[in-house]
Protein chains: 2
Amino acid sequence: MELINVDRSKCKRDGICISECPFSLIGESEDGGYPVARKAAPRICIDCGHCLAVCPHGALTFKGQGPESCLPLDRKLNPTPEAAAQFLRSRRSIRTYKDKPVPREVLEQLLDISRWAPSAKNAQPTKWLVIESTAEVRRLIGLVVEWLRENGSFPGVVAAWDLAERDLVLRGAPHLVIAYASEKALKPEIDCTIALTYLDLAAHGMGVGTCWAGIFLGAIFNNYLPLIEALGLPENHRVHGALMLGYPKYRYQRIPQRKATDAIWR
Amino acid sequence: MELINVDRSKCKRDGICISECPFSLIGESEDGGYPVARKAAPRICIDCGHCLAVCPHGALTFKGQGPESCLPLDRKLNPTPEAAAQFLRSRRSIRTYKDKPVPREVLEQLLDISRWAPSAKNAQPTKWLVIESTAEVRRLIGLVVEWLRENGSFPGVVAAWDLAERDLVLRGAPHLVIAYASEKALKPEIDCTIALTYLDLAAHGMGVGTCWAGIFLGAIFNNYLPLIEALGLPENHRVHGALMLGYPKYRYQRIPQRKATDAIWR
């Protein structure tokens, strides 16, 4: 398959695909300056699809993917700047959840949206371990509590679990979503964190509550083997972040203040 | 100042602020079960303001900050799930910019929105270095090119700069925004990456184009001293990410595909 195919009846030779290619892999044909892939292109191309995405005339097909096979972009759905700002500001870390599972279909949609998080060289290294079963979530919490006990940290969290099986690790969230990646990935910590931020905001947009699973990650990042073994990830892969997730019990009413911006301008 | 003050004429004693406090710092008063801060609260409180944000009755004042001093939350501005999904999916890495600066006011708004990015223990460690001056951006690019030359990497980027002062490092973006944090912060890499993702999406919402500054960061993460010294950050602080930024020259028309979701369900 050709990397790109150009419908010459639609192409206006405006050079937009040529200038947008991240690795300058598109040049001009000798017979009239139509876009053509350079020889090295198939080897270097990072599959970003910018050439296909940017063409105003729908003239370009990328690896057999034409304009009609892209996700539709409905300009009427674009938020105003005020709506975008409020969307980002109004996400909150949820720590009280309804006793109601999030349907598999909704969880799948959240992961689906996260596929569009940017990643180094568009390698999309983020993989997911979804602990959908609340029983399994609780089994993992038990291990985290053992780690806390061995460490002597967060004694209140240990006591709440021991006394009443109250979960202050994942706050009673029914689900846990873990981002992991191959050790061979280019920038897996950064890419997984961006993908988790997308998941977090996608959840916010769908009325699902989340919170970054700090204590859980503490056990992982401190290499607590019983927990790492319980996750059973493929070899040579590492966890880079996790979110607890469920329906919020309460609705947040307003946006509290944050620290002032700390910026040097130059 | 009291940590929290409760207007007993408004408080319905529903216990919502009590259950939402991340560190269980709010208890019930002996005279009737109104919310009161526990003794240890001022020492442990992470200033998240959840108690203030969640109260449905506007009954709670947090460190002198009452409901009226919060940012307004206009439910009519909330995106539909479809709009939120499209917002996240439609951001793209922009690599062709208009020769037009982004006004200081807009840059300030982007940083302002990023203040609401979640952070470990709500410590909000992210600080910004904004290279607003395009001349200064180009001086830094020159240093990055020297690093590439020493390394023998990206020879095409070096050649483009040498031959025609063409910038393939920051792609002609007029500005560069760098996220940095104290070495003493809890999880600065993760927190700065989340804050940068917020900045990235805030820019998308305001029609400003961005791209993660991979080659620039390569020089930083590989400890290229001439560049690090040129940034002149305060002592004991480290760069954790950067975005190039400016007005996109072209409008993206559609959303190209990404890899299939890779998830284990359990």
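Here is a quick tour of a structure with two matching chains, from the whole assembly down to single residues. Keep in mind that this is a predicted model. Chain A superposes on chain B with an RMSD of 0.0 Å after a rotation of 180°. Chain A itself carries 10 helices and nine strands, and its domain assignment gives two domains.

**How the two chains relate**

- In general, two copies of a chain are linked by a rotation about an axis plus a shift along it.
- Here the rotation is 180° and the shift along the axis is 0.0 Å, which is the relation of a two-fold axis.
- Both copies use the same surface to meet each other, since 100% of the contact residues of chain A turn up again in chain B.

**The overall build of chain A**

- Domain 1 of chain A runs over 4-69, and domain 2 of chain A covers 83-246.
- The C-alpha centres of these two domains of chain A sit 39 Å apart.
- The radius of gyration of chain A is 23 Å, while a compact globule of 266 residues would come out near 18 Å.
- Measure along the principal axes, and the C-alpha atoms of chain A fill a box of roughly 80 × 45 × 45 Å.
- Of the 266 residues in chain A, 55% are buried.
- Take the contacts in chain A between residues at least 6 apart in sequence: 75% of them join residues at least 24 apart.
- Chain A has an accessible surface of about 11800 Å², and carbon and sulfur atoms account for 51% of that.

**Helix H5 of chain B: a one-sided helix**

- Helix H5 of chain B spans residues 104-114, and its buried residues include Val106(B), Leu107(B), Leu110(B) and Leu111(B), along with Ile113(B) and Ser114(B).
- These buried residues lie on the same side of H5(B), because they span an arc of only 160° around the axis.
- Part of the cover for them comes from the other chain, including helix H4 (81-90) and strand S9 (263-265) of chain A.
- Chain B adds cover of its own, including strand S5 (127-131), strand S6 (175-182), helix H8 (188-205) and strand S8 (237-246).

**Helix H9 of chain B: mostly tucked away**

- Six of the eight residues of helix H9 (residues 214-221) of chain B are buried, so the rest of the structure largely encloses this helix.
- Those buried residues are Ile215(B), Phe216(B), Leu217(B), Gly218(B), Ala219(B) and Ile220(B).
- Their cover includes helix H6 (134-151), helix H7 (155-164) and helix H10 (225-231) of chain B, as well as S6 and S8 of chain B.
- After H9(B) comes Asn223(B), which has a positive phi, near 60°.

**Two residues to look up**

- His240(B) belongs to strand S8 of chain B.
- Is His240(B) buried or exposed? Its relative accessibility is 11%, so His240(B) counts as buried, the cut-off being under 20%.
- Leaving out residues up to four places away in sequence, His240(B) touches Ala179(B), Tyr180(B), Ala181(B), Pro188(B), Glu189(B), Cys192(B), Thr193(B) and Phe221(B).
- Leu163(A) is part of helix H7 (residues 155-164) of chain A.
- With 76% relative accessibility, Leu163(A) counts as exposed, since the bar for that is over 50%.
- From Leu163(A) to Tyr250(A) it is 87 residues in sequence and 26 Å in space, C-alpha to C-alpha.

Note on methods:
Residues numbered from 1 in each chain as written. Chains lettered and ligands numbered in written order. Predicted model: local features only at pLDDT ≥ 70, side-chain atom pairs only at ≥ 80, totals over all residues. Heavy atoms only, no water. Domains from an automatic or database assignment. Buried < 20%, exposed > 50% of the residue type's maximum accessible area, 1.4 Å probe, protein only. Helix = DSSP H or I, 4+ residues; strand = E, 2+ residues; numbered from the N terminus. Arc of directions from axis to C-beta. Contact = heavy atoms within 4.5 Å. Least-squares fit on C-alpha atoms with pLDDT ≥ 70 in both. Rg over C-alpha atoms; globule rule 2.2 N^0.38 Å. Areas by Shrake-Rupley, 256 points an atom, 1.4 Å probe, with all protein chains shown as cover.
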